[in-house]
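Could you walk me through the aromatic contacts and the enclosed spaces in this protein? A short report with headings would suit me well.

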Amino acid sequence: MSSAAFRKHLFPPDHPRIAALRGVDAYTYRELARAEGTFTGDLIRGWTPLYKNDFTGITEDGTPRAGLHPLTPARPGEEAPVAAMVAAARDLLDALDADGRARVGHPVDAAEWQTWANPEFLQFDTGLRLEFQPPEVRRAALALVEASLSAQGAEEVRTMMRINGFLGEVTGLQGILNEFSYNLALYGDPLPTAPWGWQLYGHHCAVNCLVVEGRMALGPVFLGAEPNEIDAGPYAGTRALTARIARGRRVMAALPPEQRRAATVYRRMVDPAMPEGRVHPGDERHLAGAFQDNRVIPFEGVRVAGMPRAAREAVWAVVEEFLGPLPAGPRATRLREVREHEDETWFCWIGGHGPDDVFYYRVQSPVLIAELDHHRGVFLDHDTPEPFHVHTVLRTPHGNDYGRAWVRQWRRREQGR
C-alpha cells in the first residue's frame, strides 16, 4: 500500500533546483554538470581519474588474496543461461547499424567496465544511450537483460527504470530522468564459452554481467530508488527494495543487545564520532559504490559465525535477497561460496533500528559485499536521509567484479596452449 510520504518533499515547480533543469536533455546536462564549483562538478572531478587505475579489486586490508575465484566448470544444473544470452546479444547487434555496433562493443577486459555510475548526470557515455535509440533496440537491450537474469532480477531492473521515469514525471524533468536514461555496452564477443558480458547503467540502476564457460559473475550491481514507490499512473503500487530493508531490520532484531551494540559502529547517520570523509557527498555512507573498484574496506561490526542461529539465518536471508538477480544455477554457486566463508563474514550497522528509523548496513566477507543506505534528497527536498530514498550495492571483492579474475585466468590458460 502506498505511503506517498515522499510527496511532501517535492520541490515547487518554480524552485531553482527544478526550474534550472527543465527542458534540458542528457547531453546538455552533462556539460552543465561539469561546471566548476558545482556539487556535480566536484563529484565528476573526483571520480573521473579513478576508472583508469589498474584493477585489483576491493579488499579488507589492501592485500588481494589469490585463489578465491578459481575458474572451474559450473556444476551440473548450475550453469548460466549462456545460449539464451548469446542469442539475445546477437539479436541486439542485428538491430544496430554499423555505427551502433561500433559504439556498443568493447574488449572483454576494457577499462570502460569501470565507467559505470549511478547518478543522473552522464559522466561517461559508454556504449549506447537507450533513450536515443529506436524502440527495436530498446526491446533488444531489455531482452538481453531478461535472458541473463532471474525473473526477480529482470523485474528489479525494470522497476528501477520505471521509478526513474516516474521521478521525471513528478518533477517535470523527463529530459534527464526517464525510463530509458541508461547506457548499455557489450564486452567481448558473445560466444558460448569465451568470456563476454554486458553492462547497463544510469540513474539508480547499474548492472555488470559476465559469463565464461558456463559461469556467471554479476557485479558490481547498484539498485536504488528516489522515491522507492510509484503512487500514480500505469505502474501505481510499485515498490522497490522493501525486502532488503526489512531483512536488514530482522538481523538487528535477532541480535542480543550486546551484539546489537557491537554491530552498530555509529549510532547516527552523520555521527560526530565518524572520521573525516566517512560520509561522502555523493555516496554518503556507501563504501563500495561507483569508481571504488580498488578500495580498502576493513571488516566492521560483528562476526556472523558468533551470532545466535536466528541472527545468522537473518544475515543469510539478506545475502539471498542481494543475490536474487542471479539465475538459479549461478545463484546456488554464489550462495555456497559465501557460506564457505562464514567465519570471515561480518555485519555492521549505522543509525537506529526502530520501525521508523533510517539506517545503513553492510554484510562483508572475502567474496561478497552487500550494502544498503538511506539517503538525503537529490530531486526531493530533504537534507537528512529518509526511508523512501534507498541505495544498495553488491560487490565481489578480491578481484572478481566484472568477472576480472576469471577473464585473467582464461587468458593465461589460452595463451599457454
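## A buried aromatic pair

In this predicted model, Trp349 and Tyr361 are both buried. They belong to a wider set, since a search of the whole structure finds 15 aromatic pairs. The ring centres of Trp349 and Tyr361 are 6.0 Å apart and their planes meet at 10 degrees, so this pair counts as stacked.

Trp349 is part of strand β9 (residues 346-351), while Tyr361 is part of strand β10 (residues 359-365), so their contact ties together parts that are 12 residues apart in sequence.

## The cluster and its charged neighbours

Let's widen the view a little. Trp349 and Tyr361 join Phe322, Phe347 and Phe359 in one aromatic cluster. Over the ring of Phe322 sits the charged end of Arg244, 4.3 Å from the ring centre.

Another arginine has a similar story to tell: Arg278 lies over the face of Tyr360, 5.6 Å from the centre of that ring.

## Two enclosed spaces

How many cavities of 30 Å³ or more does a search of the whole structure find? There are 2. The largest holds about 130 Å³ of space. Its lining has 15 residues, and Arg215, Met216, Arg334, Glu337 and Trp406 are the closest to its centre. Both β6 (215-225) and α11 (328-339) supply at least two residues of this lining, which comprises 6 nonpolar, 5 polar and 4 charged residues.

The second largest cavity holds about 70 Å³. Among its 13 lining residues, Ala117, Pro119, Phe121, Leu122 and Tyr201 are the closest to the centre. By class, this lining has 6 nonpolar, 5 polar and 2 charged residues.

Technical notes:
Residues numbered from 1 in each chain as written. Predicted model: local features only at pLDDT ≥ 70, side-chain atom pairs only at ≥ 80, totals over all residues. Heavy atoms only, no water. 1 Å grid on protein atoms, 1.4 Å probe; cavity = no way out; pocket = protein on both sides within 12 Å on 5 of 7 lines; lining within 4 Å. Points joined across faces, edges and corners; volume = space filled by probe spheres on them. Helix = DSSP H or I, 4+ residues; strand = E, 2+ residues; numbered from the N terminus. Nonpolar A, V, L, I, M, F, W, Y, C, P; charged D, E, K, R; others polar. Phe/Tyr/Trp six-rings, centres within 6.5 Å; stacked < 30°, edge-to-face > 60°. Buried < 20%, exposed > 50% of the residue type's maximum accessible area, 1.4 Å probe, protein only. Lys NZ or Arg CZ within 6 Å of the ring centre and 35° of its normal.
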